[in-house]
Amino acid sequence: MGFILSNLIGLVIAAFMLYFPYTWCRWKNEREEDFGLKWFMTRKAKIEVAAALAVTLIPLTVIVMWLPVSWGGGIKTPSLWETVNILGGGIAAAFIEETFFRGWLQTLAVRKFGAFTGIIITTAIFASVHLIAVRKVIRLATFFPGLIMALLRHRNNSVMPGIIYHAVCNVWAVWFSPLPGA
């Protein structure tokens with residue numbers, strides 16, 4: 001019963017995070033475009049996402065391959081079910097989290113505090129939320145890819161570049177996660 005309840009709570013939270021920003025726009029007569037909630041990718045955005053992925057994941061892969069397995073290094077070999085579960089959750093999380101944090105929350109924070117402070121505040125909240133599921137301080141390292149996703153959203157006026165970056169990073173983490181047990 002606890003497993004079902006926790007999954008149901010997770011589903012409700014995910015639905016809220018995905019749909020609330022759109023509802024907010026309707027309530028406040030705001031344009032979804034102003035919140036980056038019209039998903040699109042320009043050629044420039046595609047190049048920026050590819051560059052961000054290359055600059056972050058290539059060095060991380062090399063570093064993780066040299067870490068001892070006890071520290072989370074090496075290639076992971078999850079079962080087929082674990083792979084499907086992790087990939088599905090990781091890709092869904094990218095859509096949900098980018099819509100909520102970069103689309104809705106970042107837009108409001110940037111309006112109130114300016115671009116630099118608004119992006120830092122939103123990214124700090126994003127990183128802190130990652131402590132809910134797994135209480136390991138290393139989870140706060142999500143602040144750094146969060147900054148990249150925030151900048152992609154800010155520069156391209158759409159959450160889609162951040163969604164693509166986030167989803168690819170989550171897929172990468174299935175095989176090269178430096179966080180054992182996370």
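1. Buried here means under 20% relative accessible area. Threonine 56 has a relative accessible area of 17%, so threonine 56 counts as buried. Bear in mind that this is a predicted model.

2. Where does threonine 56 lie? Its place is in helix α2. Neighbours within four places in sequence set aside, threonine 56 is in contact with Ile148 and Tyr165.

3. Now take the tyrosine in that pair. Tyrosine 165 has a longer list of partners, again leaving aside neighbours within four places in sequence. It is in contact with Val49, Ala52, Leu53, Thr56, Pro145, Ile148, Met149 and Leu152.

4. Tyr165 also belongs to the largest nonpolar core, which has 24 residues. Which members touch the most others? They are Phe35, Leu53, Phe100, Phe101, Trp104 and Tyr165.

5. Several helices build this core. Two or more residues come from each of α1 (2-27), α2 (43-66), α3 (80-113), α5 (143-156) and α6 (160-176). The largest share is that of α1, with 6 residues. A second core lies apart from this one. It holds 5 residues, including Ala94, Val159, Met160 and Ala167. As background, nonpolar side chains in soluble globular proteins tend to be buried together.

6. Look last at α3. Where does this helix bend, and by how much? The bend is about 40°, at glutamine 106. After α3 comes glycine 114. The phi of glycine 114 is positive, near 95°.

Terms used
Residues are numbered from 1 along each chain as its sequence is written. This is a predicted model: local features need pLDDT of at least 70, side-chain atom pairs count only at pLDDT 80 or more; totals for chains, interfaces and linings use all residues. Side-chain values use heavy atoms; hydrogens and water are left out. A nonpolar core is a set of buried Ala, Val, Leu, Ile, Met, Phe, Trp, Tyr and Cys residues joined through side-chain atoms within 4.5 Å. Buried means under 20% relative accessible area, exposed over 50%, partly exposed in between (1.4 Å probe, protein chains only). Helices (H or I, at least four residues) and strands (E, at least two) are DSSP runs, numbered from the N terminus. Contact means heavy atoms within 4.5 Å. The bend at a residue is the angle between axes fitted to the seven residues ending there and the seven starting there.
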